[in-house]
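Got your viewer open? Load the model and let's take a walk through it, one selection at a time.

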Amino acid sequence: MAKHPVPHQKLCKGRSTRRYKSFANRTRKKLSDKTQVVTDCPSCGDKVLSHHLCESCGKYRGVQVINKEKESEKITTIKA
Ligand SMILES: [Zn+2]
């Protein structure tokens, strides 16, 4: 007797597809519900996820969290 549960037969292609599709539909529905939590930023008016930092102005509930004006230089070459 096997110690661990082992599948007796290989699942046919349709059964695996059905299981995957139900998972995909559930996930898609969860993500589509996320559209209801999009609000407008009070300072710049951009679309923001609620309880999240504004990507365009860097503010959260009127407090400056990230300084968007100060741009950091991207490192493209390694200076040795
Ligand atoms: Zn903003």
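Here is a short tour, going from the whole chain down to a single residue.

Start with everything selected, and keep in mind that this is a predicted model. Turn on the cartoon view and you'll find one helix and four strands. Follow the sequence along and they come in the order α-β-β-β-β.

Now zoom out. The C-alpha trace spans about 65 × 50 × 25 Å along its principal axes. The chain's radius of gyration is 24 Å, while a compact globule of 80 residues would have one near 12 Å. Buried residues make up just 2% of the 80 residues. What about contacts between residues at least 6 apart in sequence? Of these, 0% join residues at least 24 apart.

Next, select residues 13-33, which is helix α1. How far apart are its end C-alpha atoms? They sit 30 Å from each other, and that agrees with the 30 Å that 21 residues should span at 1.5 Å a residue. Is the helix mostly in the open or tucked away? The number of buried residues in α1 is zero, so the helix lies largely in the open.

Last stop: select R61. You'll find R61 in the loop that links β3 (59-60) with β4 (63-64). Buried or exposed? R61 is exposed, because 10 other C-beta atoms lie within 10 Å, and the cut-off for exposed is 12 or fewer. Keep R61 selected and add H51, which is 10 residues away along the chain. Draw a distance between their C-alpha atoms and it should come out at 8.7 Å.

Technical notes
Residues are numbered from 1 along each chain as its sequence is written. This is a predicted model: local features need pLDDT of at least 70, side-chain atom pairs count only at pLDDT 80 or more; totals for chains, interfaces and linings use all residues. Helices (H or I, at least four residues) and strands (E, at least two) are DSSP runs, numbered from the N terminus. The expected span of a helix is 1.5 Å times one less than its number of residues. A residue is buried if 20 or more other C-beta atoms lie within 10 Å of its own, exposed if 12 or fewer, and partly exposed in between; C-beta atoms are placed from the backbone. The radius of gyration is taken over C-alpha atoms; the globule rule is 2.2 Å times the number of residues to the power 0.38. Two residues are in contact if their C-beta atoms, placed from the backbone, lie within 7 Å.
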